[in-house]
Amino acid sequence: MGRRPSIDRDQVLAIADQIVADRGAAALTIDAVAKAAGISKGGVQSCFGTKEAMISALLDRWVNDYADDLNAALEGVGEVSPERRIAAHVAIALDENADSSARSAALVAGLIQTPDHLGSVQSWYAERFADLLEGGASARALRIALLATEGAVLLRHFGLAKLDGEQWETLRADIEALVDGTAKN
């Protein structure tokens with residue numbers, strides 16, 4: 001008897017991630033992942049068990065990728081103030097060349113439909129707002145910058161706002177000015 005070929009879970013997850021980025025969360029099925037990966041549905045199920053577990057793995061991957069990006073952006077900064085944290089978030093989320101925001105927008109759309117995963121997304125946002133819900137004008141500007149960033153990403157990646165590169169950069173500059181203004185207060 002020959003050895004059963006092993007399936008690379010990370011590679012299957014990358015394919016699932018690409019399906020979400022290209023076609024949206026609704027297109028993410030075990031069958032679609034199996035076809036794209038060139039393996040059987042049973043092979044995908046052996047990696048994740050269920051579609052919900054695959055979504056959980058995608059969410060974990062996104063959270064870990066974001067944490068890595070955030071840590072890299074804040075490396076060498078010293079004390080991480082709310083202003084620096086939001087500035088780094090804005091830079092990561094509004095990077096026009098990054099496909100992570102498209103993936104995350106599609107994934108969040110799928111997660112909202114799955115109550116078991118909604119709590120994870122709510123916790124992630126609670127962390128973003130933790131230092132921003134109290135305070136004066138500086139905290140208010142940071143809240144607005146965070147909300148504007150998230151709104152811009154969702155509008156753009158759901159195709160609700162068609163912004164060309166120059167318009168996107170203008171929007172980005174406006175949001176960055178909100179954050180920069182808080183550092184001067």
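**Aromatic contacts around Trp124**

**View 1. Trp124 in its surroundings.** Trp124 is buried, its relative accessible area being 8%, in this predicted model. The charged end of Arg128 is placed over the ring of Trp124, at 4.3 Å from the ring centre.

**View 2. The aromatic pair of Trp62 and Trp124.** A search of the whole structure yields 4 aromatic pairs. In one of them, formed by Trp62 and Trp124, the ring centres are 5.0 Å apart and the planes meet at 55°, an arrangement classed as tilted. Trp62 belongs to helix 4 (residues 51-74) and Trp124 to helix 7 (residues 115-129); the pair therefore ties together parts that are 62 residues apart in sequence. Trp62 and Trp124 are both buried.

**View 3. The edge-to-face pair of Tyr66 and Trp124.** The centres of the Tyr66 and Trp124 rings are separated by 5.1 Å. Because planes over 60 degrees apart count as edge-to-face, the angle of 75° between these two rings places the pair in that class. Tyr66 is in helix 4 and Trp124 in helix 7, 58 residues apart, and the pair thus links distant parts of the chain. With a relative accessible area of 9%, Tyr66 is buried; the cut-off for this term is under 20%.

**View 4. The cluster of linked rings.** Trp62, Tyr66, Trp124 and Tyr125 are joined into a cluster by ring pairs. Among the pairs shown in the preceding views are the tilted pair of Trp62 with Trp124 and the edge-to-face pair of Tyr66 with Trp124.

Definitions and conventions:
Residues are numbered from 1 along each chain as its sequence is written. This is a predicted model: local features need pLDDT of at least 70, side-chain atom pairs count only at pLDDT 80 or more; totals for chains, interfaces and linings use all residues. Side-chain values use heavy atoms; hydrogens and water are left out. Rings of Phe, Tyr and Trp (its six-membered ring) pair if their centres lie within 6.5 Å; planes under 30 degrees apart count as stacked, over 60 as edge-to-face and the rest as tilted. Helices (H or I, at least four residues) and strands (E, at least two) are DSSP runs, numbered from the N terminus. Buried means under 20% relative accessible area, exposed over 50%, partly exposed in between (1.4 Å probe, protein chains only). A charge sits over a ring if NZ of Lys or CZ of Arg is within 6 Å of the ring centre and within 35 degrees of the ring normal.
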